[in-house]
Amino acid sequence: MFVGIFFGGLLFMQTRWYTHVVGLVPLNHHQFLVSQPHVQSPKIAFLFIARNRLPLEMVWDAFFRGGDSKFSIFVHSRPGFLFNQATTRSTYFLNRQVNDSTQVDWGEASMIEAERILLRHALDDPLNDRFVFLSDSCIPLYNFSYTYDYIMSTSTSFVDSFADTKEGRYNPKMHPVIPVHNWRKGSQWVVLTRKHARIVVDDETVLPMFQQYCKKKPLPEFWREQHIPADTSKLHNCIPDEHYVQTLLAQKDLEGELTRRSLTHTSWDLSSSRERERRGWHPVTYKFSDATPMLVKFIKEIDNIYYETEYRREWCSSKAKPSTCFLFARKFTRPAAIRLLNMSVLEYLN
């Protein structure tokens, strides 16, 4: 038995994301319904947040081949970036960029807006019933059929959400709009039901509070180029995408409709790493040498997650039976993902 541990003090990759959510090369309700069979299964919308192109598209191409018509794809990339025959080799991603996007910076509320734009487009298709957020470094761990059945077997959203009691990210100025007892933290890689996706898109109350009061504070690496605040302890180091969906759904008293864990595995326990860039607050990036059957086996065998701030252990289940916790994993480099694919560790077509 392996245990995944999520701490209240997770931090973040110090990278800058530039994203542009554009309206998808125009799609409308009629196009979605043309040639559809009289009765069609509900679909999962896969929502990718990318810098530019998708470096792991060959893995996802193999995965989607088993999906029949049970999925749709939306990609949020930098403004003006197009997924055409020059930028993608997978037909699944052709013209799947949204065409009304915005520039996104890591650790800013613009990341939330990118997520909301993706959801707005995906909600236009009435057949989309679940909404999965994925990064450009994510890989699926199972074939499409298993993934679909796992997600659709429950009426809940999968939202990693726990009380944030250790870091002081909550800004008292959010009160009374957002009381401290509703303040939550968790992974941005959520899976939402259609009801919860609509709540995120329609929100006009919580988002303005985040835009005004949830901001990252200067980090040491940047101090060489920026003025060093006299007392940074008084600044609230708040990363919006790690709190927004969780706090919004808590505000709406909807936590009873959640499975409070993520379906995407990220390795945050880096204390034993000898490589400097793998220590500190960055999640581990799996390189070519890391990509082994043992790694995938380890992740697949995690069956529970411990939430330190709530003294809560979440035993994972599917269809009321014990199950693996994760369907996806990050962060994989392109060489690492290709190696796993070539080793037939990722058998998506079975």
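Colleague: Which residues of helix α7 do H196, I199 and V200 in α5 meet?
Modeller: This is a predicted model, in which local features need pLDDT of at least 70 and side-chain atom pairs count only at pLDDT 80 or more, while totals for chains, interfaces and linings use all residues. Residues are numbered from 1 along each chain as its sequence is written, and side-chain values use heavy atoms, with hydrogens and water left out. Taking contact as heavy atoms within 4.5 Å, and helices as DSSP runs of H or I with at least four residues (strands: E, at least two), numbered from the N terminus, the partners of H196, I199 and V200 in α7 are Y244, V245, L248 and L249.

Colleague: How many residues of the contact of α5 with α7 are nonpolar?
Modeller: Nonpolar here covers Ala, Val, Leu, Ile, Met, Phe, Trp, Tyr, Cys and Pro, with Asp, Glu, Lys and Arg as charged and the others, Gly among them, as polar. In the contact of α5 with α7 there are no charged residues and 1 polar one, and the nonpolar residues number 6.

Colleague: How are α5 and α7 oriented, parallel or perpendicular to each other?
Modeller: Helix α5 (residues 194–202) and helix α7 (residues 244–251) have axes 11 Å apart and pack at an angle of about 100°, where axes are lines fitted to C-alpha atoms over the stretch in contact and angles run from 0 to 180 degrees between N-to-C directions. Angles of 65 to 115 degrees count as roughly perpendicular, under 35 as roughly parallel, over 145 as roughly antiparallel and the rest as oblique. The two helices, α5 and α7, are therefore roughly perpendicular.

Colleague: Is P240 buried or exposed?
Modeller: P240 sits in the loop between α6 (206–213) and α7, where P240 touches G107, E108, A109, I112, F210 and C214, leaving aside residues up to four places away in sequence. Buried means under 20% relative accessible area, exposed over 50% and partly exposed in between, with a 1.4 Å probe and protein chains only. Because its relative accessibility is 0%, P240 counts as buried.

Colleague: Which strands stand at the edges of the sheet β5-β16-β11?
Modeller: The sheet is open, with 3 strands and mixed pairing, two strands being paired if DSSP finds at least two bridges between them. Strand β16 (residues 328–329) runs parallel to β11, joined by 2 bridges. One side of each edge strand is left without a neighbour in the sheet, because each has a single partner strand, and these edge strands are β5 (139–140) and β11 (264–265).
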